[in-house]
Amino acid sequence: MADYWDVLFLDDFMGLLDGVDGTYYGMIDQLVTSRGKTFFGCWFSTFSSYIIRLRGHHSQIHEQEGYEMGLLPTTFYYVLREHKTKMHDYWPVKKLFYAREFPVAWRNIDFDVS
C-alpha cells in the first residue's frame, strides 16, 4: 500500500502528543483523519461517520469539488462493496439513517447567515 499512498497512523504523531491523555486519542485521530486527501471508512461505523461529517464541513469551507451538492468524491466506504461510492452522490436522509452520513449535516447550514 505504501507504494501508492502516503499512509499515516496515530503512532506517527505520538511525539506531538506528549502529555496528552490517551482517552483523547480517538478524537484526535478523527480530527487528523478528516483533513486527509482521501478517506476510506466503514459503513455502519459511527467513528467513520463523524470523520465523514467533518470532511463535509471542510468541503463547504474550502469549496472543494462537489461542495455545492454536499458531495465528497474523495471519501469511500471499504465495506460493504455496494456502498463504496455512496458519498459521491447526493442522498436525502432516509432510513437506515444511522448507517451513514447525509449531506444535510453540512450543506447550506450557514445559508441564512450574512
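**Exercise 1. State what covers the buried residues of helix 2, and name those residues.**

Solution.
- Start with the cover. Helix 1 (25-34), strand 1 and strand 2 (75-79) are among the elements that cover the buried residues of helix 2. The model is a predicted one.
- Now list what is covered. The buried residues of helix 2 are Ser48, Ser49, Ile51, Ile52, Leu54, Arg55, Gly56, His58, Ser59 and Gln60.
- Two of these, Ile51 and Ile52, also belong to the largest nonpolar core. That core has nine residues in all; the others are Phe39, Trp43, Leu72, Tyr77, Met87, Ala99 and Trp106.
- A general tendency fits here: in soluble globular proteins, nonpolar side chains tend to be buried together.

**Exercise 2. Check the length of helix 2 against its number of residues.**

Solution.
- Helix 2 has 16 residues.
- At 1.5 Å a residue, the expected span is 22 Å, because the rule multiplies 1.5 Å by one less than the number of residues.
- The end C-alpha atoms are 23 Å apart, which agrees.
- Look just past the helix. Glu63 follows helix 2 and has a positive phi, near 45 degrees.

**Exercise 3. Find Ser45, decide whether it is buried or exposed, and list its polar contacts at the start of helix 2.**

Solution.
- Ser45 sits in the loop between strand 1 (39-42) and helix 2 (46-61).
- Its relative accessible area is 17%. The cut-off for buried is under 20%, so Ser45 is buried.
- A polar atom of the Ser45 side chain lies 3.0 Å from the backbone nitrogen of Ser48.
- A side-chain oxygen of Ser45 also comes within 3.3 Å of the backbone nitrogen of Phe47, at the start of helix 2.

**Exercise 4. Describe the surroundings of Phe47.**

Solution.
- Phe47 is in helix 2.
- Its relative accessible area is 37%, so Phe47 is partly exposed.
- Set aside neighbours within four places in sequence. Phe47 then contacts Gly26, Asp29 and Gln30.
- Take Gln30. Its C-alpha atom is 7.6 Å from that of Phe47, though the two residues are 17 apart along the chain.

**Exercise 5. Work out how strand 1, helix 2 and strand 2 fit together.**

Solution.
- Strand 1 and strand 2 run parallel, joined by four bridges.
- One partner pair is Phe40 with Phe76 of strand 2.
- Add the helix. Strand 1, helix 2 and strand 2 form a right-handed β-α-β unit.

Note on methods: Residues are numbered from 1 along each chain as its sequence is written. This is a predicted model: local features need pLDDT of at least 70, side-chain atom pairs count only at pLDDT 80 or more; totals for chains, interfaces and linings use all residues. Side-chain values use heavy atoms; hydrogens and water are left out. Helices (H or I, at least four residues) and strands (E, at least two) are DSSP runs, numbered from the N terminus. Buried means under 20% relative accessible area, exposed over 50%, partly exposed in between (1.4 Å probe, protein chains only). A polar contact is a pair of N or O atoms within 3.5 Å; within protein, one must be able to donate a hydrogen and the other to accept it, and residues adjacent in sequence count only if both atoms are side-chain atoms. A nonpolar core is a set of buried Ala, Val, Leu, Ile, Met, Phe, Trp, Tyr and Cys residues joined through side-chain atoms within 4.5 Å. Contact means heavy atoms within 4.5 Å. Two strands pair if DSSP finds at least two bridges between them. A crossover is right-handed if, with the strands pointing away from the viewer, the path from the first strand over the helix to the second runs clockwise.
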